Amino acid sequence: MNKKKLHVKTGDTVKVLAGDERGKTGRIIAVNIEKQKVTIEGLNLVTKHSKPSAKNPQGGISKVEAPIHASNVALVDAKGETLKAGSRKNSEGKTERYSKKTGEVI
(Lines give C-alpha, C1' and ligand atoms only; values in the text may rest on other atoms or scores of the structure.)
Protein backbone atom coordinates (compact mmCIF):
# COMPACT_ATOMS: atom_id res chain seq x y z
CA MET A 1 0.00 0.00 0.00
CA ASN A 2 1.26 3.48 -0.81
CA LYS A 3 2.35 5.62 2.13
CA LYS A 4 0.70 8.98 1.56
CA LYS A 5 1.34 11.92 3.87
CA LEU A 6 -1.55 13.04 6.08
CA HIS A 7 -2.66 16.62 6.74
CA VAL A 8 -2.70 16.00 10.50
CA LYS A 9 -0.24 14.64 13.06
CA THR A 10 -0.24 13.44 16.66
CA GLY A 11 -1.10 16.23 19.11
CA ASP A 12 -3.18 18.28 16.63
CA THR A 13 -6.65 19.46 17.61
CA VAL A 14 -9.19 18.37 15.02
CA LYS A 15 -12.93 18.59 14.34
CA VAL A 16 -14.84 15.52 13.12
CA LEU A 17 -16.67 16.22 9.85
CA ALA A 18 -18.59 12.97 9.33
CA GLY A 19 -20.05 10.05 11.25
CA ASP A 20 -21.66 9.68 14.67
CA GLU A 21 -19.17 12.07 16.29
CA ARG A 22 -19.78 14.87 13.72
CA GLY A 23 -19.10 18.38 15.06
CA LYS A 24 -17.03 17.29 18.07
CA THR A 25 -13.42 18.34 18.57
CA GLY A 26 -10.55 16.50 20.22
CA ARG A 27 -6.80 15.92 20.27
CA ILE A 28 -5.18 13.23 18.10
CA ILE A 29 -3.47 10.55 20.19
CA ALA A 30 -2.43 8.13 17.40
CA VAL A 31 -1.95 8.19 13.63
CA ASN A 32 -1.87 5.16 11.30
CA ILE A 33 -0.36 6.32 7.99
CA GLU A 34 -0.79 2.94 6.22
CA LYS A 35 -4.54 2.83 6.90
CA GLN A 36 -4.99 6.65 6.71
CA LYS A 37 -6.68 6.66 10.14
CA VAL A 38 -6.43 8.80 13.27
CA THR A 39 -7.48 8.07 16.85
CA ILE A 40 -8.96 11.02 18.75
CA GLU A 41 -8.94 11.31 22.53
CA GLY A 42 -12.39 10.62 24.01
CA LEU A 43 -14.18 10.30 20.65
CA ASN A 44 -15.60 7.34 18.68
CA LEU A 45 -15.68 5.07 21.76
CA VAL A 46 -16.42 1.39 21.17
CA THR A 47 -17.13 -1.36 23.69
CA LYS A 48 -14.27 -3.85 23.99
CA HIS A 49 -14.80 -7.19 25.76
CA SER A 50 -11.74 -8.73 27.39
CA LYS A 51 -11.36 -12.29 28.61
CA PRO A 52 -9.89 -12.85 32.07
CA SER A 53 -6.08 -13.11 31.87
CA ALA A 54 -3.05 -12.97 34.17
CA LYS A 55 -2.79 -9.22 33.54
CA ASN A 56 -6.53 -8.61 34.00
CA PRO A 57 -7.93 -11.46 36.16
CA GLN A 58 -11.41 -9.92 36.29
CA GLY A 59 -11.89 -9.51 32.51
CA GLY A 60 -14.88 -7.37 31.64
CA ILE A 61 -16.06 -4.62 29.32
CA SER A 62 -14.16 -1.41 28.62
CA LYS A 63 -14.61 1.62 26.35
CA VAL A 64 -11.79 2.19 23.85
CA GLU A 65 -11.27 4.90 21.20
CA ALA A 66 -11.61 3.54 17.67
CA PRO A 67 -9.82 5.12 14.70
CA ILE A 68 -11.55 7.52 12.29
CA HIS A 69 -10.51 7.96 8.64
CA ALA A 70 -8.27 11.01 8.21
CA SER A 71 -10.51 12.43 5.46
CA ASN A 72 -13.29 12.82 8.03
CA VAL A 73 -11.35 15.23 10.28
CA ALA A 74 -10.32 18.87 9.78
CA LEU A 75 -7.55 20.75 11.54
CA VAL A 76 -8.71 23.39 14.05
CA ASP A 77 -6.84 26.58 15.00
CA ALA A 78 -6.62 28.21 18.45
CA LYS A 79 -9.90 30.13 17.87
CA GLY A 80 -11.76 26.88 17.12
CA GLU A 81 -12.15 27.49 13.38
CA THR A 82 -11.37 24.78 10.83
CA LEU A 83 -8.49 25.41 8.44
CA LYS A 84 -6.47 23.86 5.64
CA ALA A 85 -2.77 23.36 6.27
CA GLY A 86 -0.01 24.00 3.78
CA SER A 87 3.73 23.65 4.12
CA ARG A 88 6.43 26.16 3.24
CA LYS A 89 10.05 26.89 4.10
CA ASN A 90 10.73 29.63 6.66
CA SER A 91 13.65 32.09 6.62
CA GLU A 92 16.04 29.48 8.13
CA GLY A 93 15.06 26.97 5.43
CA LYS A 94 13.10 24.76 7.85
CA THR A 95 9.72 23.41 6.71
CA GLU A 96 6.73 24.74 8.67
CA ARG A 97 2.98 24.19 8.53
CA TYR A 98 0.77 27.22 8.03
CA SER A 99 -2.91 28.08 7.70
CA LYS A 100 -3.86 28.65 4.06
CA LYS A 101 -6.73 30.88 5.22
CA THR A 102 -4.79 33.31 7.46
CA GLY A 103 -1.15 32.58 6.53
CA GLU A 104 -0.05 32.15 10.17
CA VAL A 105 2.15 29.28 11.36
CA ILE A 106 0.38 26.37 13.05
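In the predicted model, the span of residues 7-34 has its end C-alpha atoms 14 Å apart, and its secondary structure amounts to 0% helix and 43% strand. This span is the one to which the UniProt annotation "domain: KOW" is assigned, the entry being an unreviewed one.

The sheet that includes strand 1 is open and is built from six strands in the order 6-3-2-1-7-8, with antiparallel pairing. Its edges are formed by strand 6 (68-69) and strand 8, each of which pairs on one side only. Within this sheet, strand 2 (residues 25-32) is joined to strand 3 (residues 37-40) by four bridges in the antiparallel sense, and Ala-30 stands opposite Thr-39 of strand 3. Three bridges, again antiparallel, link strand 1 (residues 13-16) with strand 7 (residues 73-76); in this pairing, Lys-15 has Ala-74 of strand 7 as its bridge partner. Strand 7 is in turn connected to strand 8 (residues 82-83) through two antiparallel bridges, with Thr-82 of strand 8 serving as the bridge partner of Val-76. Strands 7 and 8 make up a hairpin in which five residues separate the two strands, and Gly-80, located in the turn, has a positive phi of about 95°.

A second hairpin is formed by strand 9 and strand 10, also with five residues between the strands, and Gly-93 in its turn has a positive phi of about 90°. The two strands run antiparallel and are joined by five bridges, and Lys-89 is found opposite Thr-95 of strand 10. Strand 10 has five residues, of which four are buried, and it is therefore largely enclosed by the rest of the structure.

Nonpolar side chains tend to be buried together in soluble globular proteins. In the present model, the largest nonpolar core comprises 13 residues, and those with the most contacts inside it are Val-8, Val-14, Val-16, Ile-28, Val-38, Ile-40 and Val-73. Strand 1, strand 3 and strand 7 are the elements that contribute two or more residues to this core. When residues up to four places away in sequence are not counted, Val-8 touches Val-14, Ile-28, Val-38, Leu-75 and Arg-97.

Val-8 also appears in the description of the largest pocket, which contains about 380 Å³ of space and is lined by 15 residues, those closest to its centre being Lys-5, Leu-6, His-7, Val-8 and Arg-97. Strand 9 (85-89) and strand 10 (95-99) each provide at least two residues of the lining of this pocket.

Thr-10 is placed in the segment that precedes strand 1. With its neighbours within four places in sequence left aside, Thr-10 is in contact with Ile-28, Ile-29, Ala-30 and Val-31. By contrast, Thr-10 and Ala-54, which are 44 residues apart in sequence, are separated by 32 Å in space from C-alpha to C-alpha.

Several loop residues were also examined for their backbone geometry and exposure. Most residues other than glycine have a negative phi, and most peptide bonds are trans. Gln-36, although not a glycine, has a positive phi of about 60°, and this residue is located in the loop between strand 2 and strand 3. Asn-44, likewise a residue other than glycine, has a positive phi near 55° and belongs to the loop between strand 3 and strand 4 (45-50). The relative accessibility of Asn-44 is 23%, and Asn-44 therefore counts as partly exposed, given that the buried class is restricted to values under 20%.

Pro-52 occupies a position in the loop between strand 4 and strand 5 (60-65). Its relative accessible area is 58%, so that Pro-52 is classed as exposed, the threshold for that class being over 50%. Despite this exposure, Pro-52 is in contact with Pro-57, Gln-58 and Gly-59 when neighbours within four places in sequence are left aside.

Definitions and conventions
Residues numbered from 1 in each chain as written. Predicted model: local features only at pLDDT ≥ 70, side-chain atom pairs only at ≥ 80, totals over all residues. Heavy atoms only, no water. Pairing = 2+ DSSP bridges. UniProt positions renumbered as here; feature names shortened; annotations may be inferred. Core = buried A, V, L, I, M, F, W, Y, C linked by side-chain atoms within 4.5 Å. Buried < 20%, exposed > 50% of the residue type's maximum accessible area, 1.4 Å probe, protein only. Contact = heavy atoms within 4.5 Å. 1 Å grid on protein atoms, 1.4 Å probe; cavity = no way out; pocket = protein on both sides within 12 Å on 5 of 7 lines; lining within 4 Å. Points joined across faces, edges and corners; volume = space filled by probe spheres on them.
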